[in-house]
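Please open the structure in your viewer and keep the selection panel at hand. The tour below moves from one selection to the next and says what is to be found at each stop.

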Amino acid sequence: MDNAVAERESLSERVGHRFACPELLTEALSHRSWCHEHGGIPNERLEFLGDAVLGLCVCDHAMRNWPRLCPGELSAVRAAVVNAESLAEAARECGLGAALLLGRGEAGTGGADKDSILADAFEAVLGAAYLDAGLDAARGVVDRLLGPLIALEATQPGAGEAKTRLQELVARQFTVEPSYRVSSSGPAHRPSFVAEALVGSEIWGRGEGSSKRLAERRAAEAAYARMTETSTQQQSIPEEPAHG
């Protein structure tokens with residue numbers, strides 16, 4: 001078994017779906033740069049299908065688990081999950097980049113870690129799972145890989161803005177931008193992440209989560225709350241009366 005085949009089989013396990021038709025997974029991982037050099041079908045058709053399947057599965061997951069969400073809230077959940085940043089992170093967490101088939105030029109410029117390529121491939125893999133075994137298979141992939149993010153967006157409206165709010169607050173009070181230090185532990189198929197939100201070298205907040213993004217968001221929320229509280233306390237300290 002060559003390395004490429006082994007990587008695809010390993011990815012199937014991490015995604016949570018074993019393909020009855022392995023050729024579908026190969027197509028889903030075939031970037032157009034690879035196909036230009038080696039032939040084959042690029043993953044663009046599967047990406048197109050996967051985009052539609054993804055939107056359905058995300059809304060289905062949210063409606064089944066949070067039946068009181070109104071259409072506007074469901075739309076916000078979908079927008080927060082179905083975007084290049086979220087999908088690229090999910091792709092990184094399941095190690096999709098290592099299984100991608102890229103042309104020499106794209107591979108040489110770090111294509112396996114580009115948000116756009118990873119997000120497109122994630123949708124293509126989802127489309128492949130749908131063609132391979134139907135909607136239940138696609139739903140299982142979404143629940144496994146995006147379920148925690150959907151839960152965060154459904155239960156904490158605006159959670160996705162935590163890092164932006166912190167960045168704006170830090171910009172007003174300091175001359176640096178916040179940064180994040182992340183560590184992980186646990187098995188590869190179910191890692192746990194701990195993030196620290198730093199301003200300069202000082203830790204202002206910590207957060208834990210089942211993904212790097214969730215941990216960073218929670219760290220940002222904690223840092224924002226602490227920074228806001230500190231600012232409020234400083235403003236409420238009465239000035240000492242002048243003597244003279």
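The stops that follow take in a sheet and then some salt bridges, in what is a predicted model.

Begin by selecting strands β1, β2 and β3, which form an open sheet in that order with antiparallel pairing; β1 (179–185) and β3 are the edge strands, each pairing on one side only. Neighbouring strands of this sheet are turned against each other by 20° on average, direction ignored.

Next, restrict the view to residues 192–199 and 202–209, that is β2 and β3, which are joined by seven bridges and form a hairpin with two residues between them, where G200 in the turn has a positive phi of about 65°. On the other pairing, β1 and β2 are likewise joined by seven bridges, and S183 can be picked out opposite V194 in β2.

Now select E196, whose bridge partner in β3 is R206, and whose side chain meets that of R181 in a salt bridge (2.8 Å, N to O). Because R181 lies in β1 and E196 in β2, this pair ties together parts that are 15 residues apart in sequence. E196 counts as buried at 15% relative accessibility, whereas R181, at 45%, is partly exposed.

Finally, move to D60, which forms a salt bridge with R64, the closest N and O atoms being 2.8 Å apart; both residues lie in helix α4 (residues 44–65), four residues apart. D60 also forms a salt bridge with R139, a pair that links distant parts of the chain, since R139 belongs to helix α9 (residues 135–155), 79 residues apart from D60. Adding D136 and D143 to the selection completes the network of salt bridges that links them with D60, R64 and R139.

Conventions
Residues are numbered from 1 along each chain as its sequence is written. This is a predicted model: local features need pLDDT of at least 70, side-chain atom pairs count only at pLDDT 80 or more; totals for chains, interfaces and linings use all residues. Side-chain values use heavy atoms; hydrogens and water are left out. Two strands pair if DSSP finds at least two bridges between them. Axes are lines fitted to C-alpha atoms, for helices over the stretch in contact, and angles run from 0 to 180 degrees between N-to-C directions. A salt bridge is a side-chain nitrogen of Lys or Arg within 4 Å of a carboxyl oxygen of Asp or Glu. Buried means under 20% relative accessible area, exposed over 50%, partly exposed in between (1.4 Å probe, protein chains only).
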